[in-house]
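Q: Could you take me through one part of this model slowly, as you would for someone new to structures? I would like to look closely at the protein surface around one of the DNA strands.

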There are 4 protein chains.
Amino acid sequence: MTDQSVIKIMISKRETNKDEKRALIIDTALQLFSTEGYFGTSMSKIASTAGIAKGSTYNYFASKEDLLKAIINDGFKHLTESVDYLFVNFIDDKSMEKYIRHSFKLIMDKPNYWRLFFALAIQPWLPKHFMADIMQKMEPMFAKIAEYFASKGFLNPMAQVMLFVSTLDGVSISYLTEPENYPINDICEILVERYCK
Amino acid sequence: MTDQSVIKIMISKRETNKDEKRALIIDTALQLFSTEGYFGTSMSKIASTAGIAKGSTYNYFASKEDLLKAIINDGFKHLTESVDYLFVNFIDDKSMEKYIRHSFKLIMDKPNYWRLFFALAIQPWLPKHFMADIMQKMEPMFAKIAEYFASKGFLNPMAQVMLFVSTLDGVSISYLTEPENYPINDICEILVERYCK
Amino acid sequence: MTDQSVIKIMISKRETNKDEKRALIIDTALQLFSTEGYFGTSMSKIASTAGIAKGSTYNYFASKEDLLKAIINDGFKHLTESVDYLFVNFIDDKSMEKYIRHSFKLIMDKPNYWRLFFALAIQPWLPKHFMADIMQKMEPMFAKIAEYFASKGFLNPMAQVMLFVSTLDGVSISYLTEPENYPINDICEILVERYCK
Amino acid sequence: MTDQSVIKIMISKRETNKDEKRALIIDTALQLFSTEGYFGTSMSKIASTAGIAKGSTYNYFASKEDLLKAIINDGFKHLTESVDYLFVNFIDDKSMEKYIRHSFKLIMDKPNYWRLFFALAIQPWLPKHFMADIMQKMEPMFAKIAEYFASKGFLNPMAQVMLFVSTLDGVSISYLTEPENYPINDICEILVERYCK
DNA sequence: AATGAATGAGGTTTCATTCAT
DNA sequence: TATGAATGAAACCTCATTCAT
């Protein structure tokens, strides 16, 4: 093994460590933001919960708001990757059902992320474009669903899409607010029945 | 006119003044909270926007959080008053339609209030019981709607109610986030069609 | 005495107090800035030295830089008032001598102010216009002196003015750096001899 | 070539590298200190501007203040070397003129250094002895100039020296503050005329 | 009841310096 | 020697709340 390789491995190890710590901070902050709120969580608390020094977080994120953006963007990247494949072709009942079930799975898998996401979506203090950027990326998906609704003979398919998306949002929010009492699975079945038969 | 009456009038006038100023503070704070966020709005700004002294607000509300609770409770009182009469009897298609249309009207009439309301509903930093209290008051209404759904032969009527309510929530939030582009009226008609025929 | 008058007196008293406290903060900050440097002096130290709470300074000055500007501007206002009258008419030997002696007096009377002033003049971090504004106000005075030098037959009177002013600056700075060992009075006489005979 | 020589060359090369890097850091820091101010320049910025790692600077200078001292001392060593030869003998008109012209040349050649130097001379936060040491080294030179002034029949020659030095300082500072508008050459001639004829 | 100056805890952020690699 | 992540003290500033007038 040459010296070069050793150095490369060391660098790569440092990189790995850095990535791991970045992920640690993001996870910690997501957990705290979603349970205590963005303003209710101090950078000090994030640092101490993550077991690092206060100043260290600023080696990874330039500011608190930057950290927040990173959380949302990272999560959203994950999301789109997992959804895109469902829409490569024209939608039919089968893929629509997959989409609905997948959506519910996403919410239940990462409740903290979604709690934060929806809280932010309503907050007025974020830079306008922050959420707008995200919404824009979903446009093509909405278009596909509209096609699908049209093919099923729905009148006013675009309004139907908005209603459909809002319904998923509303259900998600209700579930996230009180996960233990909300009949999320029953509701999933009702929606599958309503939209995919 | 007796001295007594004079005093009564004076008191009543003072009361009125007090009530008016209380209402002024609530209106101002609601406006600011809903546009700049709760944490983005300082007590100083509320006072100066309302044209009164900073210290004076504390003659009407013990704390900032108290002011927030008062805003929500006042608004909610208004809400229930306006809704209760719809449910005195067993519910039918007609009153269900009225209820849906009324719900949309409420949202569109006081968007600031509802923006704040939904933001808080998702926020985790409020005392748990705060929103719970409000939800509890809606229980009887939910029960009536469940009866109605059952009478229409819906399977699993309680889940249907939750879905129905979540849908209204989701639609409301979507509308409040972007009022100008959201086909709120079309969606209202779709829901009336779906639930009241 | 009417209620109105009482209120007016109370307000006026409060105003007086406020002015006094503002002056107290300015004096304290000037003292500290000039001895420990602007960056070496924390707002906390200013407050505690002045015997008030940390946050209180911000009731009088919006920021540390604002406080600095207020110090310079207040001092400069004082300065121009005291100098302007010397230049109402065309300058002669007599008024030139007065001006020189007055300049030395100013420096010796408020060494802290001038130490701060010259330190800032050299500092590169201030907004450009900050010092420029001040210099601009001195332009008319320079013009008068140039006239005077011209009347005495000096060649290149504008350069002579610059040199004259720079000399006063250099002498001031030297004196302020080491007041106890600097023959400020002897130098004053030399300059009077050189420029006013 | 013996092994010894090879080692010597390697060491010498390492020394050279070390000196070069030291010089690089000093140059970079001087540039930044003089344009952004000492407090406005972070060690990180110096390192990154110089293209080395943050921690490495501490292999050359024990602290930020040490670096500053090194800058001043290095520059001053350079200065005295270049001036000393002017004063080996008794001073006359010719060498006095050389000295004045040389002083102006120094300022115009290394404005950054002098901007920093004068800024520090006024700053109160440096250890007292820091500037005092430097001034002390200039004493012999001042004595020579005093002799010269005495030989020309100036009264109070020591005060004349102080005034002369302060004048050079004041002119330098004025020039450094606004190099483009200051008639530095005209002023040089005026001084040569005044002091060397 | 009204005022607004005073308070000080607590927030975010910076940065000189250290140290493991 | 070089690196750059880690540290934590300390800075500036905000703001809910109190209280003397």
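**A close look at the surface around DNA strand E**

A: Happy to! Keep in mind that this is a predicted model. Let's begin with who is there. There are 33 residues around DNA strand E, and those that come nearest are Tyr58(A), Lys64(A), Lys21(C), Tyr60(C) and Met43(D). By type, the residues of this surface divide into 13 polar, 10 charged and 10 nonpolar.

Now turn to the DNA side. Of the strand E atoms within 4 Å of the protein, 66% belong to sugar or phosphate, while the rest belong to bases.

Some contacts with phosphate can be picked out one by one. In chain B, the side chain of Ser56(B) has an N or O atom 3.1 Å from a phosphate oxygen of DNA strand E. In chain C, the side chain of Ser56(C) places an N or O atom 3.0 Å from a phosphate oxygen of the strand. Lys18(C) joins in as well, with a polar side-chain atom 3.3 Å from a phosphate oxygen of strand E.

Which elements give two or more residues to this surface? They are helix H2 (43-50) of chain A and helix H1 (3-36) of chain C. H1(C) gives the most, with 3 residues.

So that you can find your way on screen, here is the picture once more: look for Ser56(B), Ser56(C) and Lys18(C) beside phosphate oxygens of strand E, then look for H1(C), the element that gives the most residues to the surface.

How values were computed. Residues numbered from 1 in each chain as written. Chains lettered and ligands numbered in written order. Predicted model: local features only at pLDDT ≥ 70, side-chain atom pairs only at ≥ 80, totals over all residues. Heavy atoms only, no water. Near = heavy atom within 4 Å. Polar contact = N/O pair within 3.5 Å; in protein donor to acceptor, adjacent residues only side chain to side chain. Helix = DSSP H or I, 4+ residues; strand = E, 2+ residues; numbered from the N terminus. Nonpolar A, V, L, I, M, F, W, Y, C, P; charged D, E, K, R; others polar.
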